[in-house]
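User: I should like to go through the terms used for this structure and see how each one is justified. Please set the values against the definitions.

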Amino acid sequence: MGTVTILGVNGILGSIQGENYVDAYAKYDFRYTDLQFCQFENLEKEIPQFDEHFIQQLSQVDGVAHISISKITWAQIDFNALEFESFLKMQHEELYHDGKTYEQMISELQDDANAGDYGCYVVTIDDGLVEQYNNTHSTPIDIDDFRNGDTVIVGMDTDTFAPNAALIGKTLHLTSDNAHGQSADFQVAGAFNYKDLNDSFNIGHRKWIGAVTDVIYVSDAGMKRLTDTPILYDIGVDIESPDQLQKVHQELIAINNTLPSGEWNFQSSAAMLEAFDQMYFSIGLFGNGAAILLIVIGLLNFVNVMLTGVIARKNEFAIMESIGTTKKQIRKILTFEGGFYALISTLLIMTLGNAFLLLAADAVPGIADYAKFEYPVTLVIGLIIAIFTICLYVPSLVYGFISKETVTERLHDFES
């Protein structure tokens, strides 16, 4: 029971590795995000938190392999109730349960448009996300058109509410409110589901309008059609080797200390690993502690059984020695018996133990979606070696403890 428990605990814990957690939930090794754009509503004009000088500082850090930059601007969308009718009706059905009619909603949206408030944030993404989109959606996006800045992707839809998909094929006339903003027409080529983007930071709103697409994704070329001076919103830093994680982390912390305080966030894989390892250690300590307790109980029980058995056969061994059996031969007999116990334990581990590990492997994805089950080969081999070592040597040691008296003395005890 103890060995099977420790195998199960370590089989599960070995699958829930910090590196897997970071790979699943950290898009980059290090990440800077302007939190102004993650707010549900931000009525003030956005103040840039990062600049090109900061990017240059990051690029000069030894060990940094690649820096990914996502840019953002807010853009007004020309409101056309007839063109967007299917989209707007879906929004009305989902968002307006207070008795407001569709016509009233359209009137309010037109007022927002006249005030220049009908719009959303426009964000740059790379080709990789478009390729990922094509792999998971039945209608692919022409990557060249997207890369050239002719098309955009809107979002974010959910499994139960997908109004943005109704915009596919429509043309959006966007106008950036940047100081150097321009107007341009874009065709909607696709609609992201929230699950398409493995991103812990969600884009918020300048002003909550409701019946407007949450965010529009463009290429760098598409952004240039709107403005030459977008705000640096999201900065991802990847390193050359995992061995450099702590060193780069310390250097980036030093650079961060030179930044003015503001609405920005720094996410570090090193910090995530440290927090994960602390949790992992606590769980491992508890699980392995319980398993080791069972092993100790089992070991004490085995020693007790062997001790009781050898003591009960003390006189038998004395008689065997009196007729010529050597202590070495008796030790071989006891060692063989101990090996039999070890063999039984090993067979139980390789059958019931492996069956338990298979159940653990099936349960692992339900415990953590980032987990990757790995059979604990080294632990199994180590436990089997330990079992055989204990089972082979304990009986002989017990016999040596009780056979210190001479054969005559032990036979005399038998007669009495």
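User: Why is Glu 19 called partly exposed?

Analyst: Glu 19 has a relative accessibility of 45%. Buried means under 20% relative accessible area, exposed means over 50%, and partly exposed is what lies in between, with a 1.4 Å probe and protein chains only. The value falls between the two limits, so Glu 19 is partly exposed. Its place is in helix α2; helices (H or I, at least four residues) and strands (E, at least two) are DSSP runs, numbered from the N terminus.

User: On what kind of model do such statements rest?

Analyst: This is a predicted model, in which local features need pLDDT of at least 70 and side-chain atom pairs count only at pLDDT 80 or more, while totals for chains, interfaces and linings use all residues. Residues are numbered from 1 along each chain as its sequence is written, and side-chain values use heavy atoms, with hydrogens and water left out.

User: How confident is the predictor in the chain?

Analyst: The average pLDDT, the predictor's confidence in each residue from 0 to 100, is 85 for the chain, and 93% of the residues score at least 70. Confidence is lowest in helix α14 (residues 407-415), with a mean of 57, and highest in strand β5 (residues 171-176), at 97.

User: What makes Glu 19, Asp 23, Glu 274 and Asp 277 a patch of negative charge?

Analyst: Asp and Glu count as negative, Lys and Arg as positive, and His and the chain ends are not counted. A patch takes residues with over 30% relative accessible area and no salt bridge, joining like charges within 9 Å and nonpolar side chains (Val, Leu, Ile, Met, Phe, Trp, Tyr) within 5 Å. The place of a charge is taken as NZ of Lys, CZ of Arg, CG of Asp or CD of Glu. Glu 19, at 45%, is over the 30% limit. Helices α2 (18-25) and α10 (269-312) each supply at least two residues of this patch.

User: Which residues form the nonpolar patch, and how does Tyr 375 qualify by accessibility?

Analyst: The nonpolar patch consists of Met 350, Tyr 375, Val 377, Ile 381 and Ile 385, with about 450 Å² of accessible area together, from the Shrake-Rupley method with a 1.4 Å probe. Tyr 375 has 36% relative accessibility, which is over the 30% that a patch requires. Tyr 375 lies in the loop between α12 (327-367) and α13, while helix α13 (residues 377-402) gives the most to the patch, with three residues.

User: How do you know that Glu 46 and Arg 206 form a salt bridge?

Analyst: A salt bridge is a side-chain nitrogen of Lys or Arg within 4 Å of a carboxyl oxygen of Asp or Glu. The closest N and O atoms of Glu 46 and Arg 206 are 2.9 Å apart, so the pair meets the limit. The two residues are 160 residues apart, Glu 46 in the loop between β1 (30-34) and α3 (52-59) and Arg 206 in the loop between β6 (183-193) and β7 (215-218). Both are buried, and a network of salt bridges links them with Asp 177.

User: Why is Asp 112 called buried, and what of Lys 207, its salt-bridge partner?

Analyst: Asp 112 is buried because its relative accessibility is 17%, whereas Lys 207, at 29%, is partly exposed. Their closest N and O atoms are 3.7 Å apart.
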